[in-house]
Amino acid sequence: MLDSESYVVIKDDRIIGFISLMGQEIGGLFIDPLFNRQGYGTLLLQLCFSLRSNWQVKVFSRNKIAREFYKKAGFKKVYKKIHSGSGEEMIIMEFQQLIQ
């Protein structure tokens, strides 16, 4: 991804996940399926939240696991659109951290 910053999760000298950020958009977050539901995705989101307070992510409507993951983390659905490359429906979700 051009003009992005990426971070990886390493376990036992092996990359098991990464997140790529483009400004305030999460361009991609992937965890090796062998390590799903062990907190590594949440760890990467917490890193995001420490860098900036507002985030956006685009998720395919059919990807229920991703939608639920982001919802649990505090993201809210803002609108839907059609992905130009695939014709599939996407949900745009945003996170806004309250600053005290």
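Q: What makes the pairing of Glu5 and Arg52 a salt bridge?

A: In this predicted model, the side chains of Glu5 and Arg52 meet with a nitrogen-to-oxygen distance of 2.7 Å. The criterion asks for a side-chain nitrogen of Lys or Arg within 4 Å of a carboxyl oxygen of Asp or Glu, so the pair qualifies as a salt bridge. Glu5 lies in strand S1 and Arg52 in the loop between H1 and S4, so this salt bridge ties together parts that are 47 residues apart in sequence.

Q: Why are Glu5 and Arg52 called buried, partly exposed or exposed?

A: Glu5 has a relative accessible area of 28%, and Arg52 has one of 22%. The partly exposed class lies between the limits of 20% and 50%, so Glu5 counts as partly exposed, and Arg52 likewise counts as partly exposed.

Q: How many salt bridges does a search of the whole structure find, and what can bring such side chains together?

A: The search finds 5 salt bridges, counted over the whole structure. Side chains of opposite charge can pair when their charged atoms come close.

Q: How do you know that Arg14 and Asp32 form a salt bridge, and which parts of the chain does the pair link?

A: The side chains of Arg14 and Asp32 meet at 2.4 Å, taken from N to O, and this value is within the 4 Å limit, so the pair is a salt bridge. The pair links distant parts of the chain, with Arg14 in strand S2 and Asp32 in the loop between S3 and H1, 18 residues apart.

Q: Why do Arg14 and Asp32 fall where they do on the scale of buried, partly exposed and exposed?

A: Arg14 has a relative accessible area of 37%, which lies between 20% and 50%, so Arg14 is partly exposed. Asp32, at 18%, is under the 20% limit and therefore counts as buried.

Q: What else does the side chain of Asp32 reach, and with which residues is Asp32 in contact beyond its neighbours within four places in sequence?

A: The side chain of Asp32 reaches the backbone nitrogen of Leu34 at 2.8 Å. Leaving aside neighbours within four places in sequence, Asp32 is in contact with Arg14 and Ile16.

Q: Why is the pair of Glu89 and Lys80 called a salt bridge?

A: The nitrogen-to-oxygen distance between the side chains of Glu89 and Lys80 is 3.9 Å, and since the limit is 4 Å, the pair is counted as a salt bridge. Glu89, with a relative accessible area of 34%, is partly exposed, and Lys80, with 45%, is also partly exposed because its value remains under the 50% limit for exposed residues.

Q: Where does Lys80 lie, and which residues surround it?

A: Lys80 has its place in strand S5, which covers residues 76-82. Apart from neighbours within four places in sequence, Lys80 is in contact with Glu89, Met90 and Ile91. Lys80 and Val59 are 21 residues apart in sequence, and their C-alpha atoms are 9.5 Å apart in space.

Q: Why is Gln56 called buried?

A: Gln56, which lies in strand S4, has a relative accessibility of 19%, and this is under the 20% limit, so Gln56 counts as buried.

Q: What makes the approach of Gln56 and Glu94 a polar contact?

A: The side chains of Gln56 and Glu94 are joined at 3.1 Å, which is within the 3.5 Å limit for a polar contact. Leaving aside neighbours within four places in sequence, Gln56 is in contact with Gln24, Glu25, Ile26, Ile92, Met93 and Glu94.

Q: Which residues touch the most other members of the largest nonpolar core, and which elements supply it?

A: Among the 22 residues of this core, Ile26, Leu29, Trp55, Tyr70 and Phe75 touch the most other members. S2, S3, H1, S4, H2 and S6 each supply at least two residues of the core, and the largest share, 5 residues, comes from H1. Beyond neighbours within four places in sequence, the contacts of Trp55 include Leu21, Ile26, Cys48, Phe49, Phe75, Met93 and Phe95.

Q: Why is Ile10 called exposed, and of what surface feature is it a part?

A: Ile10, in strand S1, has a relative accessibility of 55%, which is over the 50% limit, so Ile10 counts as exposed. Val8, Ile10, Ile15, Phe18 and Phe30 form a nonpolar patch on the surface, with about 490 Å² of accessible area together. Strands S1 and S2 each supply at least two residues of this patch.

How values were computed: Residues are numbered from 1 along each chain as its sequence is written. This is a predicted model: local features need pLDDT of at least 70, side-chain atom pairs count only at pLDDT 80 or more; totals for chains, interfaces and linings use all residues. Side-chain values use heavy atoms; hydrogens and water are left out. Patches are made of residues with over 30% relative accessible area and no salt bridge: like charges are joined within 9 Å, nonpolar side chains (Val, Leu, Ile, Met, Phe, Trp, Tyr) within 5 Å. Accessible areas come from the Shrake-Rupley method with a 1.4 Å probe; for residues, only the protein chains shown count as cover. Helices (H or I, at least four residues) and strands (E, at least two) are DSSP runs, numbered from the N terminus. Buried means under 20% relative accessible area, exposed over 50%, partly exposed in between (1.4 Å probe, protein chains only). A nonpolar core is a set of buried Ala, Val, Leu, Ile, Met, Phe, Trp, Tyr and Cys residues joined through side-chain atoms within 4.5 Å. Contact means heavy atoms within 4.5 Å. A polar contact is a pair of N or O atoms within 3.5 Å; within protein, one must be able to donate a hydrogen and the other to accept it, and residues adjacent in sequence count only if both atoms are side-chain atoms.
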